[in-house]
Amino acid sequence: MQQPGRLIGLGVGPGDPELITVKALRLLRESPVVAYFVAKGKKGNAFGIIEGHLQQAQTLLPLVYPVTTEVLPAPLSYEQVISDFYDSASEELAQHLDAGRDVAVICEGDPFFYGSYMYLHDRLAERYQAEVVPGVCSMLGGASVLGAPLVYRNQSLSVLSGVLPHEELKRRLADADAAVVMKLGRNFPKVRQVLEELGLARRALYVERATMANQKIVPLDDVEPMSSPYFSLIIVPGERWQG
Ligand SMILES: C[C@@]1(CC(=O)O)C2=NC(=C\c3[nH]c(c(CCC(=O)O)c3CC(=O)O)Cc3[nH]c(c(CC(=O)O)c3CCC(=O)O)/C=C3\N/C(=C\2)[C@@H](CCC(=O)O)[C@]3(C)CC(=O)O)/[C@H]1CCC(=O)O
Ligand SMILES: C[S@@+](CC[C@H](N)C(=O)[O-])C[C@H]1O[C@@H](n2cnc3c(N)ncnc32)[C@H](O)[C@@H]1O
């Protein structure tokens, strides 16, 4: 019987192509099938990071999100559409794995840090051998380009989703020594408002597409509310410790 292929979750870092690990690069080059998530009509951030390393013989498997920001007509629900999408993407991968081919799923940043790969992993890792290669995640790429040490001594770091409702975000930020707020995009105006209400806006730093060629660092006050892209984050660094 044919030995099944390996499922490989491959972190490729936050954007700068030099921030990929030696191991990820080796496994990328060795994988006959390379899968990647991508929004409709876009090139894919993860794909853009590694495309220069691809060889002709490799099979490319774009996994195109059926929806990211679009409003769905009733009776479709976002959760159902997304869950069906992960089911069918998993089956597509399973066909290659059953045929003995390794599949590398390339992931922007780290695969297990808010990565879509997790949903494939949850569906497939019990059936196939799975290997995950960590990547430099966006908040660490962000801290480095912002020149912002994150946490000193005994401080704790809160990683928050900008999708949280106003009051919950406020409660969690009020308690945090240091924080990273992910998933800005349309959530940006709410997040900035919360930071202002807590008196944290002056400490907060904002970056779009950290470490990518089109990276943009803008003072929080100057960000156009509706122009913040999904690939942006805010860091509230821990108070400097006079060590
Ligand atoms: C709905 C929404 C809300 C939310 O974030 O919760 C959401 N994505 C939104 C927008 C959006 N997503 C993307 C773009 C194009 C970006 C561009 O190309 O510039 C845009 C913006 C646009 O389309 O304009 C692409 C994308 N998405 C993910 C990755 C990375 C990866 O998968 O690794 C990549 C890059 C792939 C690549 O290119 O490499 C991953 C995730 N995105 C999810 C949800 C989760 C999956 C669904 C689920 O299961 O719920 C998951 C897994 C995160 C998770 O589960 O935490 C939010 C609407 C917010 C709003 O309303 O404004
Ligand atoms: C679906 S999560 C993917 C996170 C990724 N797996 C990681 O390890 O960072 C997408 C969110 O990560 C953040 N993000 C990812 N890459 C980024 C980058 N290069 N610059 C700024 N934010 C980024 C944004 O907050 C975005 O909404």
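1. Which strands does helix α6 lie across, and at about what angle to β6 does α6 run? In this predicted model, α6 lies across β6 and β7, and its direction is at about 170° to that of β6. The points below take up the two sheets in turn, and then the pairs of helices.

2. The sheet to which β6 and β7 belong is an open one of 5 strands, in the order β6-β7-β10-β8-β9, and its pairing is mixed. Its edge strands are β6 (157-161) and β9 (216-217), each of which pairs on one side only. Helix α5, made of residues 138-146, also packs on this sheet, where it touches β6, β7 (178-182), β8, β9 and β10 (232-236), and the direction of α5 makes about 65° with that of β10.

3. At one end of that order, strand β8 (residues 205-208) pairs with β9 in the antiparallel sense, over 2 bridges. For a reader who wishes to find this pairing in the structure, Val-207 is a useful place to look, since it stands opposite Ile-217 in β9.

4. The other sheet described here is likewise open and has 5 strands, in the order β3-β2-β4-β1-β5, but its pairing is parallel. Strands β3 and β5 (130-133) stand at the edges with a single partner strand each, so one side of each is left without a neighbour in the sheet. From one strand to the next, the twist averages 20°.

5. Within this parallel sheet, strand β2 (residues 33-38) pairs with strand β3 (residues 59-64) in the parallel sense over 6 bridges, and Ala-35 stands opposite Leu-61 in β3. Between these two strands the chain passes through helix α2 (residues 45-50), and the resulting β-α-β crossover is right-handed. Strand β2 also pairs with strand β4 (residues 103-107), again in the parallel sense, over 4 bridges, and here Val-34 stands opposite Ala-104 in β4.

6. Turning to the helices, α6 (residues 166-175) packs against α7 (residues 188-197) at an angle of about 45°, with the two axes 10 Å apart, which makes α6 oblique to α7. The crossing of these two helices is right-handed. On the α6 side the contact is made by His-166, Leu-169, Lys-170 and Leu-173, while α7 contributes Lys-190, Val-191, Gln-193, Val-194, Leu-195 and Glu-197. Sorted by class, the residues of this contact of α6 with α7 are 5 nonpolar, 2 polar and 3 charged.

7. A second pair of helices is formed by α3 (residues 78-98) and α4 (residues 117-124), which pack at an angle of about 65° with their axes 9 Å apart. Here too the crossing, in which α3 passes α4, is right-handed. The residues of α3 that make the contact are Ser-83, Tyr-86, Asp-87, Ala-89, Ser-90, Leu-93 and Ala-94, and those of α4 are Tyr-119, Leu-120, Arg-123 and Leu-124. By class, the contact of α3 with α4 comprises 7 nonpolar, 2 polar and 2 charged residues.

Terms used: Residues are numbered from 1 along each chain as its sequence is written. Chains are lettered from A and ligands numbered from 1 in the order in which they are written. This is a predicted model: local features need pLDDT of at least 70, side-chain atom pairs count only at pLDDT 80 or more; totals for chains, interfaces and linings use all residues. Side-chain values use heavy atoms; hydrogens and water are left out. Axes are lines fitted to C-alpha atoms, for helices over the stretch in contact, and angles run from 0 to 180 degrees between N-to-C directions. Angles under 35 degrees count as roughly parallel, over 145 as roughly antiparallel, 65 to 115 as roughly perpendicular and the rest as oblique. A crossing is left-handed if the near helix is turned anticlockwise from the far one by less than a right angle, and right-handed if clockwise. Contact means heavy atoms within 4.5 Å. Ala, Val, Leu, Ile, Met, Phe, Trp, Tyr, Cys and Pro count as nonpolar, Asp, Glu, Lys and Arg as charged, and the others, Gly among them, as polar. Two strands pair if DSSP finds at least two bridges between them. A crossover is right-handed if, with the strands pointing away from the viewer, the path from the first strand over the helix to the second runs clockwise.
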